[in-house]
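Here are a few friendly notes to read with the model open beside you. I have grouped them by region so that you can follow along.

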Amino acid sequence: MQKAKAPEIEARTLNKVGWRIIPFLALLYFAAFIDRSNVSFAAEGMNRDLGFSAYVYGLGAGIFFIGYVLFEVPSNLILHKVGARLWIARIAITWSIIALAMIFIKSALGFYTVRFLLGMAEAGFFPGIVYYLTQWVPASHRAKLIGLFMTAIPISTALGGPLSSIILTLNGIFGLAGWQWLFLLETIPSFVLGIITLFYLTDTPAQAKWLALDEREWLVETLRAESADRQSRFGTSVSRIFVDKTVLTLCLAYGGVQFGLYGIILWIPQIFAAAGVPGPMVGFVVSIPYGLAAIGMVLWCRHSDKKNERILHIVAASIVGWAGLAASAFLTGAPLLSIAAVTVGAVGTLAILPIFWTLPASRLNGAAAAGGIALINALGHVGSFAGPFLIGWIKDATGSFTSGLLAVSFGVLATGIVVWLLGRASGAERVDLEPARIVA
C-alpha cells in the first residue's frame, strides 16, 4: 500500500483532533462561563432581595477575578506536572460546588466571599486549556481551533440569556427565589462534565489510541519540532516569564480587552433593561449580540490562519470593538440602536481573544508556556475586575451607564494599540510572534 503523503496525514490528523477535543473543551468552557457570568442575570432579583447597590454588585461581580488572579500561575504549573485530564476535572468539580453556594448568600460579605472562592476554584482553567491545546495543535492551525473553542464565550451568553430567563420564572417554588434556582440548576452541568473529564480527555498525543499510528507519529514529531524550535530561541525557564518584555506587554494588552469584555458581559442585562428592553425579554435579547459574535469570531480566526497574520487582525478587531462599545455609551436610551452598537462591540472584542492567544503560545515552551500563559491570563484579568467595578461605581455616582461604557471601550482600543506596538518592536511578526509552519 502506498504511503500517505504528509499533507494528507496532516489533514486527517487535525480533523480527528478537532472533533475529539474541541467540542468537549468548548462544552466545559460553556459551563464554566455560565457559572461565572450568570450572576448578571441573577442581579436584578438578587440585588432587590438582598439590598445590594450597583456598587456592591459591581464589586462582587468583579472580585471573582481577584481569587482567579492569585491562584492562576500555581494552578497551571500543577497542571503541567499532573496532566490536564486530572487537573481540569478537579477544577470543574470544585467550581461547580462553590457556584452552588451562591444560593445561600445573605449579605454583601457573603457575596464577596463566594465570588472570591469561585475565582480561586476556577483559576487555571482557561490558561490550562490554552496550554493543553499547544500540546495538540500545530501553530499554523492554532487560531482557528482556539477560536472554535472560545466560541463558548459568546454562545454561553447567547444561550444562557434565554435559559436564565426561563429559570427565573421558577421564583417562589419550594421557597427559593428565581435567582437561587438559577445558581442551583446551572451548576449541575459543570459537576457532571468534571466527572466525565476524568475518563474522556487524553493528556498527550503519544497516548492517543484514537489516532492511527501514522497520525500519532506525524503529530508527535510536528509538535516536537515546534517545541525544539521555541526552546532553542526562547528556552524553557519558568523564572524568565516574570522579566520577559513580550510576556509583560501581552499581560497589558490582555488587560485592555478583558476590561471591555467583562465590563459589558456582567452588566449587559441591566444595560438593556435601562435602555428600555422589557424585563421578561432581556435574556432573549442578550442572545442577539453574542450569537452574532460567535459567528464573527470563527470567521475572523479562519481569515487570520489563512493569511498567517496575527497583529493586524487583532488591531482591526480592537477598532471594531471600540467603535461599537463607544457608540453604545451614547445610545443607552434607544433599545434597538443600543442592541446594534453592543453587537458590533461584541463582535470586535471577542474576535481579538483566540488570535491573541496564538502570540504567547508561539513564544513559550514547556513549563514556561504553562506559567507564562497563566501569568498573562492572571494579570490581564485585573482588567476583568476593574471593568464591572468601574461601571458599577460610575452608575451609582451618575445614575447612567454612559461614562462607564465609554471607559471600557477604550480598554479594547488600548489592546490593539499595545499589540501593534509590540509587532513593530518585534521587527517581524512571523519571526518573533508566530514561527513559520513546520511540517515533519
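Is Glu122 buried or exposed? Please keep in mind throughout that this is a predicted model.

1. **Glu122.** The answer is that Glu122 is buried, because its relative accessibility is 1%, and the limit for that label is under 20%. Glu122 belongs to helix 5, which covers residues 108–122. Leaving out residues up to four places away in sequence, Glu122 touches Ala32, Arg36, Phe64, Tyr68, Ile91 and Trp95. That list is a good place to begin if you want to look at the surroundings of this acidic side chain.

2. **The salt-bridge network.** The count of salt bridges comes to eight. Five residues are linked in a network of such bridges: Glu8, Arg12, Lys16, Asp214 and Glu215. The next three points go through this network pair by pair.

3. **Glu8 with Arg12.** The side chains of Glu8 and Arg12 form a salt bridge, with an N to O distance of 3.9 Å. For the reader keeping an eye on cut-offs, a salt bridge here needs nitrogen and oxygen within 4 Å. Both residues sit in helix 1, four residues apart, or about one turn of the helix. Glu8 is partly exposed at 47% relative accessibility, and Arg12 is also partly exposed, at 27%.

4. **Arg12 with Asp214.** Arg12 has a further salt bridge, this one with Asp214, where the closest N and O atoms are 3.4 Å apart. Since Arg12 lies in helix 1 and Asp214 in helix 11 (residues 213–234), the pair ties together parts that are 202 residues apart in sequence. Asp214 is partly exposed, with a relative accessible area of 29%.

5. **Lys16 with Glu215.** Which residue does Lys16 meet in a salt bridge? The partner is Glu215, at 2.9 Å from N to O. This pair, too, links distant parts of the chain: Lys16 is in helix 1 and Glu215 is in helix 11, 199 residues apart. The two ends have different surroundings, as Lys16 is partly exposed at 32% relative accessibility, whereas Glu215 is buried at 1%.

6. **The nonpolar core.** The largest nonpolar core holds 132 residues, and Met46 and Trp357 touch the most other members. Helix 1 (residues 6–37) gives the most to this core, with 13 residues. For Trp357, the contacts beyond four places in sequence are Phe126, Val130, Ile146, Met150, Tyr254, Ile373, Ile376 and Asn377.

7. **A nonpolar patch on the surface.** Which residues make the nonpolar surface patch of about 730 Å²? They are Ile97, Leu185, Ile188, Phe191, Val192, Ile195, Ile196 and Phe199. Helix 10, spanning residues 188–200, gives the most to the patch, with six residues. Phe191 is found in this helix, and its relative accessible area of 38% makes it partly exposed. A patch residue must have over 30% relative accessible area, so Phe191 clears that limit.

8. **Cysteines.** How many disulfides does the structure hold? The number is zero. Two cysteines can be looked at individually: Cys251 counts as buried at 6% relative accessibility, and Cys301 is buried with a relative accessible area of 0%.

9. **Ile155.** This residue lies in helix 8, residues 152–168. Ile155 counts as partly exposed, because its relative accessibility is 33%. Setting aside neighbours within four places in sequence, Ile155 is in contact with Phe30, Gly160, Tyr290 and Ala294. For a sense of scale, Ile155 and Glu221 are 66 residues apart in sequence and 35 Å apart in space, taken from C-alpha to C-alpha.

10. **Ala397.** Last, please look at helix 19 (residues 382–398), where Ala397 has its place. Is Ala397 buried or exposed? Ala397 is exposed, because its relative accessible area is 62%, and exposed means over 50%. Its C-alpha atom is separated by 31 Å from that of Pro162, a residue 235 places away along the chain.

Note on methods
Residues numbered from 1 in each chain as written. Predicted model: local features only at pLDDT ≥ 70, side-chain atom pairs only at ≥ 80, totals over all residues. Heavy atoms only, no water. Patch = residues over 30% accessible without salt bridge, like charges linked within 9 Å, V, L, I, M, F, W, Y side chains within 5 Å. Areas by Shrake-Rupley, 256 points an atom, 1.4 Å probe, with all protein chains shown as cover. Helix = DSSP H or I, 4+ residues; strand = E, 2+ residues; numbered from the N terminus. Buried < 20%, exposed > 50% of the residue type's maximum accessible area, 1.4 Å probe, protein only. Disulfide = S-S within 2.5 Å. Core = buried A, V, L, I, M, F, W, Y, C linked by side-chain atoms within 4.5 Å. Contact = heavy atoms within 4.5 Å.
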